[in-house]
Amino acid sequence: GCLSRTLPDVQARLQSTEVKPIQKLMVANRGEIAIRVFRACTEMHIQTVAIYSEQDVNQMHRQKADESYLIGKGLPPVAAYLNIPEIISIAQENGVDAIHPGYGFLSERSDFAKACQDAGIRFIGPSPEVVYKMGDKVEARQAAISAGVQVVPGTDGPVESAEAAVEFCKQHGLPVIFKAAFGGGGRGMRVVKTMDEVVENYNRAYSEALSAFGNGALFLEKFIERPRHIEVQMLGDRTGEVVHLFERDCSVQRRHQKVVEIAPAPQFDQSMRDKMNADAVKLAKHVGYENAGTTEFLLDKNGQYYFIEVNARLQVEHTVTEQVTGVDLVQSQIRIAEGRTLKELGLTQDKIQLNGCAIQCRMTTEDPARNFQPDTGRIDAEGMGIRLDSASAFAGAVITPYYDSLLVKIIAQARDHPSACAKMLRALREFRIRGVKTNIPFLLNVLQNETFLNGSVDTYFIDENPGLFH
Ligand code: ADP
């Protein structure tokens with residue numbers, strides 16, 4: 001159904017909501033993002049609560065909170081952080097009045113947003129209805145269309161059968177990409193280049209989507225050749241006001257997953273920037289988007305761009321936007337959840353300005369059987385313009401094999417793209433990591449690549465440059 005907020009809705013909400021300061025906040029997450037949120041809270045004099053699984057007993061995020069509670073006894077590592085009833089009851093028993101979901105885990109689960117709401121706890125994110133709508137990529141596409149934002153040509157709704165997929169391909173031509181309606185994290189996508197692959201790919205994509213996301217629903221999009229991935233950061237408040245915080249270029253991807261992110265997008269025409277940022281705001285306003293979110297676009301070689309999806313949460317790469325705008329996105333999220341307006345926060349569009357360039361590299365462990373204890377290794381770098389967001393950037397950190405492979409986010413900031421690249425290269429070279437294999441050699445190659453330095457990579461970059469891995 002249509003979930004767009006109408007004017008009377010907004011007025012009713014305005015009257016019913018007043019500013020209610022948050023006193024105690026729980027992060028329903030782990031690792032670097034939990035620490036990132038705790039630090040923001042401490043600066044705001046908000047009490048912090050961590051949850052941790054049995055596997056995370058010795059993890060840093062637990063130490064960074066004022067209180068911490070064990071969850072998911074006997075459960076597998078990931079399941080512990082997905083146990084909604086237990087998380088809600090720990091929050092209630094300990095006087096928590098807001099929950100930040102971080103990214104991953106429960107961050108895009110509308111049932112979790114709803115469970116928080118029902119328990120009288122503020123969920124730091126959009127309303128359950130908006131989380132639901134944006135989590136369904138078919139619905140999100142429809143919302144973009146009705147807001148007047150150009151989407152990738154594709155099916156109007158889910159493709160109901162392999163025959164329907166064949167029909168679409170005959171009409172619109174190849175290549176196309178099958179996408180899971182409820183997919184994420186770069187999974188559940190299949191590119192189709194010839195007609196005789198359509199049926200087989202439909203069946204495969206369907207069963208992949210079913211097992212990965214619990215729902216096999218698929219839709220089809222034209223496959224855009226050599227696109228750049230450019231996304232716009234937005235903030236919305238309870239009055240329906242929305243601002244953008246400019247864009248990020250996330251074209252450096254491996255298996256559809258981001259590895260290096262840049263703000264603002266380099267080699268990006270100013271009129272295109274204005275138009276794309278305005279489109280993101282238009283869409284967010286149309287759906288009544290509250291709190292932080294990101295609208296993602298693909299930009300093709302002809303300078304056309306198309307909406308692909310909205311991420312209704314804080315993203316891994318929010319850091320680069322913070323560096324170039326000077327806006328603390330996590331603190332803004334918390335203030336908005338308290339009921340403050342963007343205007344009260346000084347976040348009107350004219351006050352949000354770009355300053356310089358920031359690049360983030362995701363340093364990951366490359367060794368699947370990782371379980372190490374660095375002794376004298378230096379998982380650290382510093383100096384002007386360097387920021388590290390991590391849960392393991394210290395000597396003696398124990399890297400466990402239970403969760404994702406992200407070790408450290410390194411963010412370099414400077415006046416322009418070339419100097420930010422130089423700073424990043426210098427910082428990467430300062431790391432001395434022993435006991436575990438990382439992607440540092442790969443990142444060093446990226447940072448010295450001509451195309452990357454020019455600021456003109458597209459999403460084919462890594463696949464087309466196998467030399468980056470040597
Ligand atoms: P997820 O939610 O799994 O991250 P997205 O829809 O955000 O999936 O797409 C992730 C990446 O997959 C994009 O950044 C792009 O590289 C690629 N991709 C997605 N849709 C298309 C398309 N229609 N044409 C070409 N590449 C695409």
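Biologist: Of the 20 residues around the ligand, which come nearest?

Modeller: This is a predicted model. Its ligand has 20 residues around it. The elements that give two or more residues to this shell are strand 12 (291-299) and strand 13. The residues that come nearest are Glu221, Ile224, His229, His256 and Thr459.

Biologist: How do the residues of the shell around the ligand divide into nonpolar, polar and charged?

Modeller: Glu is counted as charged and Ile as nonpolar. Glu221 and Ile224 are among the residues that come nearest to the ligand. The whole shell divides into 8 nonpolar, 8 polar and 4 charged.

Biologist: Where does Arg313 lie?

Modeller: UniProt, in an unreviewed entry, places the feature "active site" at Arg313. One flank of its loop is strand 13 (305-311) and the other is helix 12 (318-325). Arg313 therefore belongs to no helix or strand, as it lies in the loop between strand 13 and helix 12.

Biologist: Is Arg313 buried or exposed?

Modeller: A residue is buried if 20 or more other C-beta atoms lie within 10 Å of its own. Arg313 has 25 C-beta neighbours inside 10 Å, so this residue counts as buried.

Biologist: Leaving aside its neighbours within four places in sequence, which residues is Arg313 in contact with?

Modeller: Contact here requires C-beta atoms within 7 Å. With the neighbours within four places in sequence left aside, the contacts of Arg313 are Pro101, Tyr103, Ser107, Glu108 and Gly125.

Biologist: Which strands are the edge strands of the open sheet of 5 strands?

Modeller: The strands of this sheet have the order 3-2-1-4-5, with parallel pairing. An edge strand pairs on one side only. The edge strands are strand 3 (67-70) and strand 5 (122-123).

Biologist: In strand 5, which residue is the bridge partner of Ala98?

Modeller: Ala98 falls in strand 4 (residues 98-100), which pairs with strand 5 in the parallel sense over 2 bridges. The bridge partner of Ala98 in strand 5 is Arg122.

Biologist: What is the order of the open sheet of 3 strands?

Modeller: Its pairing is antiparallel. The edge strands are strand 7 (189-192) and strand 8 (218-222), each pairing on one side only. The twist averages 25 degrees from one strand to the next. The order is 7-6-8.

Biologist: Which residues stand opposite Val176 in strand 7 and strand 8?

Modeller: Strand 6 (residues 176-180) pairs with strand 7 in the antiparallel sense over 4 bridges. Strand 6 also pairs with strand 8 in the antiparallel sense, over 5 bridges. Opposite Val176 stand Val192 in strand 7 and Lys222 in strand 8.

Biologist: Why is strand 8 largely enclosed by the rest of the structure?

Modeller: Strand 8 is an edge strand, pairing on one side only. Even so, the rest of the structure largely encloses strand 8, because the number of its 5 residues that are buried is 4.

Biologist: What covers the buried residues of helix 7?

Modeller: The buried residues of helix 7 (residues 128-135) are Val130, Val131, Lys133, Met134 and Gly135. Their cover includes helix 6 (110-118), helix 8 (137-146), helix 11 and strand 13.

Biologist: How far apart in space are Val287 and Glu129, C-alpha to C-alpha?

Modeller: Val287 lies in helix 11 (residues 270-287). Val287 is buried because 28 other C-beta atoms lie within 10 Å. In sequence, Val287 and Glu129 are 158 residues apart. In space, C-alpha to C-alpha, the separation is 9.7 Å.

Definitions and conventions:
Residues are numbered from 1 along each chain as its sequence is written. This is a predicted model: local features need pLDDT of at least 70, side-chain atom pairs count only at pLDDT 80 or more; totals for chains, interfaces and linings use all residues. Two strands pair if DSSP finds at least two bridges between them. A residue is buried if 20 or more other C-beta atoms lie within 10 Å of its own, exposed if 12 or fewer, and partly exposed in between; C-beta atoms are placed from the backbone. UniProt positions are given in the numbering used here, feature names are shortened, and annotations may be inferred rather than shown by experiment. Two residues are in contact if their C-beta atoms, placed from the backbone, lie within 7 Å. A residue is near a molecule or strand if its C-beta atom, placed from the backbone, lies within 6 Å of it. Axes are lines fitted to C-alpha atoms, for helices over the stretch in contact, and angles run from 0 to 180 degrees between N-to-C directions.
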